[in-house]
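Biologist: I would like to learn to read a model like this one. Can you take me through it feature by feature?

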Amino acid sequence: KVIEAFKYIKQFKRSILKIDDDTFLDINKFKKFDFNFDYGGFVNVGPKTNYVYHQDKITDKRFLTPINDNPNFYYDFALGGGYFLSKKALNIILKNYKKNSEYYNHLQFKKGREDRIVGQILYPFCCRIVVKNNGFWIDEELFSAFDSMLYHPVTEDKYSLLLRKKNINFYV
């Protein structure tokens, strides 16, 4: 469904800020933020292994298999609740997603997460696109990106905490 959304957005020659459903966005900061790069979000500095995050949210048992990455791969940089793609990065993804093995595994319910697929596709193009690592962990459970414009994952208790901060307007 994300690829189909990317295809639709490409028709309008637009960039996209893709966020997860458990992510909150500070609208005031969003309106002022300068998206002057091709990929923005969290950039992983090492391999991800045994990917089990969000397993508790999965209702279709076919997706419950943990993903074990090859420890030599450093592609997994599109994660953390949201990421920005310029028109250039969006075009790279749309031209290359069918060559991605994880995309086909995802279609067969074996494994695959859209953020990992985006990271895998963009990684070989890192020298041709501007990548901005603007994500950081606030604590052990809460992630933020884009100069504290985006928060993930926000549970009810984290939402209450963030609402106490002055001048934050959230979009769910």
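Modeller: We will go from the overall make-up to the cores, then the aromatic rings, then single residues. Keep in mind that this is a predicted model.

Biologist: Start broadly. How many helices and strands are there in the protein?

Modeller: The protein has six helices and nine strands. Of its 172 residues, 46% are buried. The exposed surface is about 10,200 Å², and carbon and sulfur atoms supply 54% of that area.

Biologist: What do the contacts say about sequence separation?

Modeller: Take the contacts between residues at least 6 apart in sequence. Of these, 73% join residues at least 24 apart.

Biologist: Now the interior. Which residues have the most contacts inside the largest nonpolar core?

Modeller: The general idea comes first. In soluble globular proteins, nonpolar side chains tend to be buried together. Here the largest nonpolar core has 21 residues. Phe6, Leu85, Ile93 and Leu122 have the most contacts inside it.

Biologist: Which elements each supply at least two residues of this core?

Modeller: Four do: α1 (2-11), β4 (79-85), α3 (87-96) and α5 (114-122). Helix α3 gives the largest share, five residues.

Biologist: Show me one core residue in detail. What does isoleucine 93 touch?

Modeller: Leave out residues up to four places away in sequence. Isoleucine 93 then touches Ile3, Phe6, Leu85, Val118, Ile121 and Leu122. There is also a second, separate core of ten residues. Phe33, Phe143, Ala145 and Phe146 are among them.

Biologist: Why is α5 described as largely enclosed by the rest of the structure?

Modeller: Count its buried residues, taking under 20% relative accessible area as the cut-off. Eight of the nine residues of α5 are buried, so the helix is largely enclosed by the rest of the structure. The list is not purely nonpolar: it includes Asp115, Arg116 and Gln120, as well as Ile117, Val118, Gly119, Ile121 and Leu122.

Biologist: On to the rings. How many aromatic pairs does a search of the whole structure find?

Modeller: It finds ten. A pair of aromatic rings is described by the distance of the centres and the angle of the planes. Phenylalanine 37 and phenylalanine 84 serve as the example: their ring centres are 5.4 Å apart and their planes stand at 80°, so the pair is edge-to-face.

Biologist: Which parts does this pair tie together?

Modeller: Phenylalanine 37 sits in the loop between α2 (27-32) and β3 (39-42), while phenylalanine 84 sits in strand β4. The pair therefore ties together parts that are 47 residues apart in sequence. Phenylalanine 37 is buried at 4% relative accessible area, and phenylalanine 84 is buried at 6%. Both belong to one aromatic cluster with Phe30, Phe33, Phe35 and Phe146.

Biologist: Next, a polar side chain. Is histidine 152 buried or exposed?

Modeller: Histidine 152 counts as buried, because its relative accessibility is 3%. The residue is found in strand β8 (residues 150-152). Its side chain has a polar contact of 3.0 Å with the side chain of aspartate 22. Another, of 2.9 Å, reaches the side chain of threonine 23.

Biologist: Where does asparagine 96 lie, and what does it touch?

Modeller: Asparagine 96 lies in helix α3. At 16% relative accessibility, asparagine 96 counts as buried. A polar atom of its side chain lies 2.7 Å from the backbone oxygen of isoleucine 92. Not counting residues up to four places away in sequence, asparagine 96 touches Ile121 and Phe125.

Biologist: And the backbone? What is notable about phi of lysine 13?

Modeller: Check the sign and the residue type. Phi of lysine 13 is near 55°, a positive value in a residue other than glycine. Lysine 13 lies in the loop between α1 and β1 (16-19). It is exposed, with a relative accessible area of 63%.

Biologist: One last reading. How are C-alpha separations set against the chain?

Modeller: Put the spatial distance beside the sequence separation. Asparagine 28, in helix α2, is partly exposed at 27% relative accessible area. Its C-alpha atom and that of methionine 149 are separated by 8.4 Å, with their positions 121 residues apart along the chain. Serine 101 lies in helix α4 (residues 101-107) and is exposed, at 55%. The C-alpha atoms of serine 101 and isoleucine 117 are separated by 8.9 Å, and these residues are 16 apart along the chain.

Conventions
Residues are numbered from 1 along each chain as its sequence is written. This is a predicted model: local features need pLDDT of at least 70, side-chain atom pairs count only at pLDDT 80 or more; totals for chains, interfaces and linings use all residues. Side-chain values use heavy atoms; hydrogens and water are left out. A nonpolar core is a set of buried Ala, Val, Leu, Ile, Met, Phe, Trp, Tyr and Cys residues joined through side-chain atoms within 4.5 Å. Buried means under 20% relative accessible area, exposed over 50%, partly exposed in between (1.4 Å probe, protein chains only). Contact means heavy atoms within 4.5 Å. Rings of Phe, Tyr and Trp (its six-membered ring) pair if their centres lie within 6.5 Å; planes under 30 degrees apart count as stacked, over 60 as edge-to-face and the rest as tilted. Accessible areas come from the Shrake-Rupley method with a 1.4 Å probe; for residues, only the protein chains shown count as cover. A polar contact is a pair of N or O atoms within 3.5 Å; within protein, one must be able to donate a hydrogen and the other to accept it, and residues adjacent in sequence count only if both atoms are side-chain atoms.
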